[in-house]
Amino acid sequence: MWRSCLRLRDGGRRLLNRPAGGPCASMSPGPTIPSPARAYAPPTERKRFYQNVSITQGEGGFEINLDQRKLKTPQAKLFTVPSEALAIAVATEWDSQQDTIKYYTMHLTTLCNTSLDNPTQRNKDQLIRAAVKFLDTDTICYRVEEPETLVELQRNEWDPVIEWAEKRYGVEINSSTSIMGPSIPAKTREVLVSHLASYNTWALQGIEFVAAQLKSLVLTLGLIDLHLTVEQAVLLSRLEEEYQGGFPCQLEKFVQPARMAWH
C-alpha cells in the first residue's frame, strides 16, 4: 500500500543525513480520543515548534525526529514505521509545514498513529471485514436510470473497471439501479477476503481509509494494483458530481488514458 511513497525516496534521503537523537519527547499530532469516522481527530492547527526533521533507523524500524526529539503517537508510543519510504513520506509531511502546523493535511501521520496505537482495538480479520463491507455500497456499482447521458457515462467509465476487477480476481461484481444496491455473490466476498488477508495490518489500515474516501473497494483495488492512478480513481469516484457540475474536460484528461489501457 505504501508503494507510491517510493517516489519520495530520492528527494527525501537528505532527511536521513540530518543530525538527530537526544532525549525522547512526546510530539503527538493528535489527542488520544478517537472519533467514529477516523481513529484520531487531530487538532486543527498549532504553531510550528521545530526547525529540522530527520529520520533515523532504530531496532523497531524507522523513526522521525523533530529537532532533537523523537516523534511519538497520541498514546506516547515511539513513532516507528516499517519502511524507509513511508518514513520519508511522513517526514516530508512534517517538513513541509510552514509557520503553522496544519494537522489535517498530514494524512499519513494520522494513519500511522492509527496503526501503531490501534485505538479501536481491531484485529486483522476485523480490518478485512470492514474493507470488504464497502462492496455493499460501492459507488461504481450504483447506477442511475436517467438522464441517458449520465447512464452512458457511468457505463463507459465504470464498466471497464468492474470488468477488470472481475477478470483480475476471478469474481463476479454486479451493478444495479435499485436503491437496495447490487447483489454481491458470497464467493466474491470470500475471494476478496482471502486476497486482503495477504496484506499486513499497516496496509489494511490504508486500504480501509482509501476505500472510505473513494466510497469504493473496487476503485481501491484498482489503485493497489496500479491499474488506476490516484487522479483517475478520485475522478471516477466523483463521476456523478463532476457530471452535475458540468462534466469538465479534466475528467477526460485523466480517465481517457485509463480507458485506452482497458481495451
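This passage walks through salt bridges, one exposed loop residue and the packing of a helix in a predicted model.

A good place to begin is with the charged side chains. A search of the whole structure finds six salt bridges, and three of these pairs are described here, each with the places in the chain that it joins. One of them is formed by Arg189 and Asp136, whose side chains meet with an N to O distance of 2.5 Å. Arg189 belongs to helix H6, which covers residues 186–196, whereas Asp136 sits in the loop between helix H4 (124–132) and helix H5 (148–169); the pair therefore ties together parts that are 53 residues apart in sequence. As for exposure, Arg189 has a relative accessible area of 26% and is partly exposed. Asp136, at 27% relative accessibility, is partly exposed as well.

The loop between H4 and H5 comes up again in a second pair. Here the side chains of Arg143 and Asp159 meet in a salt bridge of 2.8 Å, N to O. Arg143 is in the loop between H4 and H5 and Asp159 is in helix H5, so that distant parts of the chain, 16 residues apart, are linked. The two partners fall into separate exposure classes: Arg143 counts as buried because its relative accessibility, 12%, is under 20%, while Asp159, at 22%, counts as partly exposed.

Helix H5 also takes part in a third pair. Arg168 forms a salt bridge with Asp225, and the closest N and O atoms are 3.1 Å apart. Arg168 lies in helix H5 and Asp225 in the loop between helix H8 (217–224) and helix H9 (230–237), so this salt bridge ties together parts that are 57 residues apart in sequence. Both partners are partly exposed, with a relative accessible area of 37% for Arg168 and 30% for Asp225.

A residue from another part of the chain offers a contrast in exposure. Glu59 is found in the loop between strand E2 (53–58) and strand E3 (61–66). With a relative accessible area of 90%, Glu59 is exposed, because the cut-off for that class is over 50%. The C-alpha atom of Glu59 is separated by 9.4 Å from that of Thr80, a residue 21 positions apart from Glu59 along the chain.

Attention now returns to helix H6, the home of Arg189. The buried residues of this helix are Thr188, Leu192, His195 and Leu196. Viewed down the axis of H6, these residues fall within an arc of 95°, so they line one face of the helix. The exposed residues Ala186 and Lys187 are on the other side of H6. What do the buried residues of H6 pack against? Their partners are H4, H5, H8 and helix H7, which spans residues 201–214.

Of these neighbours, H4 can be followed in further detail. H4 and H6 pack at an angle of about 130°, and their axes are 10 Å apart. H4 is therefore oblique to H6, and the crossing of the two helices is right-handed. On the H4 side, the residues in contact are Ile128, Ala131 and Val132; these meet Arg189, Leu192, Val193 and Leu196 in H6. Two of the H6 residues named in this contact, Leu192 and Leu196, are also among the buried residues of that helix. Arg189, in turn, is the residue that meets Asp136 in a salt bridge, and Arg189 thus appears both in that charged pair and in the packing of H4 with H6.

Key:
Residues are numbered from 1 along each chain as its sequence is written. This is a predicted model: local features need pLDDT of at least 70, side-chain atom pairs count only at pLDDT 80 or more; totals for chains, interfaces and linings use all residues. Side-chain values use heavy atoms; hydrogens and water are left out. A salt bridge is a side-chain nitrogen of Lys or Arg within 4 Å of a carboxyl oxygen of Asp or Glu. Helices (H or I, at least four residues) and strands (E, at least two) are DSSP runs, numbered from the N terminus. Buried means under 20% relative accessible area, exposed over 50%, partly exposed in between (1.4 Å probe, protein chains only). The arc is that of the directions from the helix axis to the C-beta atoms. Contact means heavy atoms within 4.5 Å. Axes are lines fitted to C-alpha atoms, for helices over the stretch in contact, and angles run from 0 to 180 degrees between N-to-C directions. Angles under 35 degrees count as roughly parallel, over 145 as roughly antiparallel, 65 to 115 as roughly perpendicular and the rest as oblique. A crossing is left-handed if the near helix is turned anticlockwise from the far one by less than a right angle, and right-handed if clockwise.
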